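Trainee: Before I use any of these labels in my own scripts, I'd like to know where they come from. Can we go through them one by one?

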Amino acid sequence: MSEQRETQLHHVVFAVAPERQAALAQMFTELGFSFDSTELSELGLSIYLDWNGGIEVISAIPGATADVAASVSEFVERNGDGVYSV
């Protein structure tokens, strides 16, 4: 007997350059998403998050030296703005 389980996508994280973060969050807001925003200085990230909608928009805080911020900055430099994780 095979067991069925319900699968649900938790959220998608978009990494963007800091100068475009607010504009991207605004675009998603116009599509019906509702964001809370915060900065996690220990990670060096600025974050817009809609848990119910499953969207997170992150940017490295300019000048941040945390490993996570460096990873996000490197991703954006290498790939441009885009899906960072699912």
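Mentor: Sure, and let's start with the word you'll meet most: a residue is buried when its relative accessible area is under 20%, exposed when over 50%, and partly exposed in between. Keep in mind that this is a predicted model. By that rule, Phe28 and Phe35 are both buried.

Trainee: What makes the pair Phe28 and Phe35 edge-to-face?

Mentor: Two tests. Ring centres have to lie within 6.5 Å, and the planes have to be over 60 degrees apart. For Phe28 and Phe35 the centres are 6.4 Å apart and the planes sit at 65 degrees, so the pair gets that name.

Trainee: And how do you know that Phe75 and Tyr84 are edge-to-face?

Mentor: Same cut-offs: within 6.5 Å for the centres, over 60 degrees for the planes. The rings of Phe75 and Tyr84 come out at 5.2 Å and 85 degrees, so edge-to-face it is.

Trainee: Why is Phe75 called buried, and what is Tyr84 called?

Mentor: Phe75 has 13% relative accessibility, so it counts as buried, the limit being under 20%. Tyr84 has a relative accessible area of 28%, so it is partly exposed.

Trainee: How many aromatic pairs turn up in the whole structure?

Mentor: Five. There is also an aromatic cluster, made of Phe14, Phe28, Phe33, Phe35 and Tyr48.

Trainee: Now the fold. Which pattern does the chain follow?

Mentor: Along the sequence it reads β-α-β-β-β-α-β, with two helices and five strands. The C-alpha trace spans about 55 × 30 × 25 Å along its principal axes.

Trainee: What makes strand β3 largely enclosed?

Mentor: Count the residues: β3 covers residues 45–50, and five of those six are buried, so the rest of the structure largely encloses the strand.

Trainee: And why is β2 said to lie largely in the open?

Mentor: Because the number of buried residues among its five is zero.

Trainee: How do you know that β2 and β3 are paired?

Mentor: Pairing takes at least two bridges. Strand β2 (residues 36–40) is joined to β3 by five bridges, and the two run antiparallel. You can check the register: Asp36 stands opposite Leu49 in β3, and Thr38 stands opposite Ile47 in β3.

Trainee: What sits in the turn between β2 and β3?

Mentor: The two strands form a hairpin with four residues between them, and Gly44 in the turn has a positive phi of about 75 degrees.

Trainee: How many bridges join β3 to β4?

Mentor: Six, again with the requirement being at least two. Strand β4 takes in residues 55–60 and runs antiparallel to β3, with Ser46 opposite Ser59 in β4. This hairpin has four residues between the strands, and Gly54 takes a positive phi near 80 degrees.

Trainee: On to the surface. Which residues make the nonpolar patch?

Mentor: Leu9, Val83 and Val86, and the patch is about 310 Å². Members need over 30% relative accessible area. Val83, which is in strand β5 (residues 82–85), has 44% relative accessibility, so it clears that bar and counts as partly exposed.

Trainee: Why is Leu31 called exposed?

Mentor: Its relative accessibility is 61%, and exposed means over 50%, so the label follows. Leu31 is in the loop between α1 (18–30) and β2. From Leu31 to Val86 you go 55 residues along the sequence, and 20 Å in space, C-alpha to C-alpha.

Trainee: What makes Pro62 exposed?

Mentor: Its 66% is over 50%, so Pro62 counts as exposed. Pro62 belongs to the loop between β4 and α2 (67–79). Its C-alpha atom is 12 Å from that of Glu39, and the two residues are 23 apart along the chain.

Trainee: What about the chain as a whole?

Mentor: Buried residues make up 37% of the 86 residues. The accessible surface is about 5900 Å², and 50% of that belongs to carbon and sulfur atoms. For contacts between residues at least 6 apart in sequence, 51% join residues at least 24 apart.

Methods
Residues are numbered from 1 along each chain as its sequence is written. This is a predicted model: local features need pLDDT of at least 70, side-chain atom pairs count only at pLDDT 80 or more; totals for chains, interfaces and linings use all residues. Side-chain values use heavy atoms; hydrogens and water are left out. Rings of Phe, Tyr and Trp (its six-membered ring) pair if their centres lie within 6.5 Å; planes under 30 degrees apart count as stacked, over 60 as edge-to-face and the rest as tilted. Buried means under 20% relative accessible area, exposed over 50%, partly exposed in between (1.4 Å probe, protein chains only). Contact means heavy atoms within 4.5 Å. Accessible areas come from the Shrake-Rupley method with a 1.4 Å probe; for residues, only the protein chains shown count as cover. Patches are made of residues with over 30% relative accessible area and no salt bridge: like charges are joined within 9 Å, nonpolar side chains (Val, Leu, Ile, Met, Phe, Trp, Tyr) within 5 Å. A salt bridge is a side-chain nitrogen of Lys or Arg within 4 Å of a carboxyl oxygen of Asp or Glu.
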